[in-house]
Amino acid sequence: MQLRRHLLTLWSACAMVVALLAVGCTSQPTAGSSPGPAFNATDTAWILLMIPMAERAQLLTDLAPSRTADPSLAQLAAKTGSTLRGDLRRLRAVLRLSGAPDTHPHEGHDMPGMVSLGTLEKAAATNGQAFDRILIDALRADFTQSRLLCADEQTHGQADEATELAAAIARSTAEQITQLDKLRAAQPATSGDETTVAPGPDATVSRTSVASRTPAL
Amino acid sequence: MTPAAVPAGIVRVPEFNATCSYSHSKPDDPIVLPGLPGASHMHSFFGNKSTDAFSTTQSLLTNTPTSCTPANDLSAYWIPTLYEGDKAVEAESMIVYYGSRLIDPSATVPFPQGFRMIAGNAKTQTPTPAGSPGQYWCAGEGGEIGRSADGNWPRCAPKAHLTHQLVFPDCWDGKNLDSPDHKSHVATTYDGKCSGAYPVAIPNISFVVSYPTSGSTAGFRLASGMASSIHGDFFNAWDNAGLGHRVKDCITQKAKCNSAGTF
């Protein structure tokens, strides 16, 4: 179909131009060098899903300092938060490189594995072991999905910048899962219902006691 | 292509249809998340039985089993899966109506193979009390007898079933098979004409989905969230001649056709 060939060629041509411009800006052209492959639809879809997932996970890890009673978990949350911030920087950079518009396809929406809005609400309203359980379970689900998505991207994505970032995130996520599982194994066994503490004077008291028990990090 | 002669007594509305049963479910979306199986909320697929994260126009055209009649419609149609509690409730049918809301339906042309679009918005999470536009309703004897506790879903009389109609845009920019948000290459007409940036009239699609349930005070949820997040995806893989005939015979002539494309 003439129309379809023209349309798809137009899209590939645009993507190619963007990739060419990107390579020109960031590397010394050598004789015989050629630009990397263009961004395909999987690359774009992967980036546009990874960004909101990382943003949501970061919202959760940001809650940890004031809510967890466990110093190792506080440390893991801090490390995860900083990894997520780095991932977000690189994801946004790759998105700019791709030239694809950010259509925010998943904004305000809970995707599989994503830390849900409900989870964030619950986490914000608890502290101590109840918070820890929420944090651990939600992060693990996020990491697991993240690893799956990065594996898919490496297999079916096209642009080197995207597939390489996927490989890097997959590696760091695998490490984080290992650390998380160690902490999870060390968690006390679940004892009855989770206690949900609404923000208020109690929360302030808990924060103070966490601060007094937490050794200097 | 000469349009078929319309016998007397045929209802004179522009319309043909694909009548589909539920095919399969996957957390896949070949339009929004191509190449990323498991990345999506759960979708219930109708039509082409091979639809998954890797589907392309070619793969749809070469995989012929479909849950729709007629057999030469190899298109993929999908919606978020409906849940009652933790149980998925699959539709008893999806009828895809192809009609026209234009003052002059004779301007309608068929979509090319590979054309795709989305209707509705998975991100919308707002209440849908009785009377909301695009709401779920009750089809059958007794109709609606109340609402769910959250007010967002109807409760139907015992013989009435939960039903939904999702209407797609009617006008196309005539150039792009898709767009980054899968919507910007099409538009809805409000004056019965296709003009401006969207000059090409395409058949107006509606998904009419019926579920074997009358609902309860517990209500439902979609894999995408609240009732307001209902959305539908259409990935065209009709046989060109089959689609072309139907547009000519049923839409441009304003004559209601059956799923075989005849009167």
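User: In this predicted model, a polar contact is a pair of N or O atoms within 3.5 Å. How many residue pairs are in polar contact between chain B and chain A?
Analyst: The pairs counted have both residues at pLDDT 80 or more. Salt bridges do not feature: the rule finds zero across this interface. For polar contacts between chain B and chain A, the count is five residue pairs.

User: What share of the area buried between chain B and chain A is on carbon and sulfur atoms?
Analyst: The contact takes 26 residues from chain A and 27 residues from chain B. By class, chain B's side has four charged, eleven polar and twelve nonpolar residues. The two chains bury about 2,000 Å² between them, and the share on carbon and sulfur is 66%.

User: Which helix gives the most to the largest nonpolar core?
Analyst: This core has 58 residues. Elements that each supply at least two of them include α3 (71-98), α5 (128-156) and α6 (160-185) of chain A, and also β5 (76-80) of chain B. With twelve residues, the top contributor is α2(A).

User: Which chain B residue is among those that touch the most other members of the largest core?
Analyst: The group named for this includes Trp46(A), Leu49(A), Leu60(A), Leu135(A) and Leu139(A). Of these, Leu139(A) touches Ala57(A), Leu60(A), Thr61(A), Leu76(A), Thr80(A) and Leu180(A), leaving aside residues up to four places away in sequence. From chain B, the group holds Leu33(B).

User: How many residues are in the other core, the one with Cys68(B) and Leu82(B)?
Analyst: This core lies apart from the largest one. Val89(B) and Ala227(B) are also among its members. Its size is 41 residues.

Terms used
Residues numbered from 1 in each chain as written. Chains lettered and ligands numbered in written order. Predicted model: local features only at pLDDT ≥ 70, side-chain atom pairs only at ≥ 80, totals over all residues. Heavy atoms only, no water. Core = buried A, V, L, I, M, F, W, Y, C linked by side-chain atoms within 4.5 Å. Buried < 20%, exposed > 50% of the residue type's maximum accessible area, 1.4 Å probe, protein only. Helix = DSSP H or I, 4+ residues; strand = E, 2+ residues; numbered from the N terminus. Contact = heavy atoms within 4.5 Å. Buried area = accessible area lost by both parts, 1.4 Å probe. Salt bridge = Lys/Arg side-chain N within 4 Å of Asp/Glu carboxyl O. Polar contact = N/O pair within 3.5 Å; in protein donor to acceptor, adjacent residues only side chain to side chain. Nonpolar A, V, L, I, M, F, W, Y, C, P; charged D, E, K, R; others polar.
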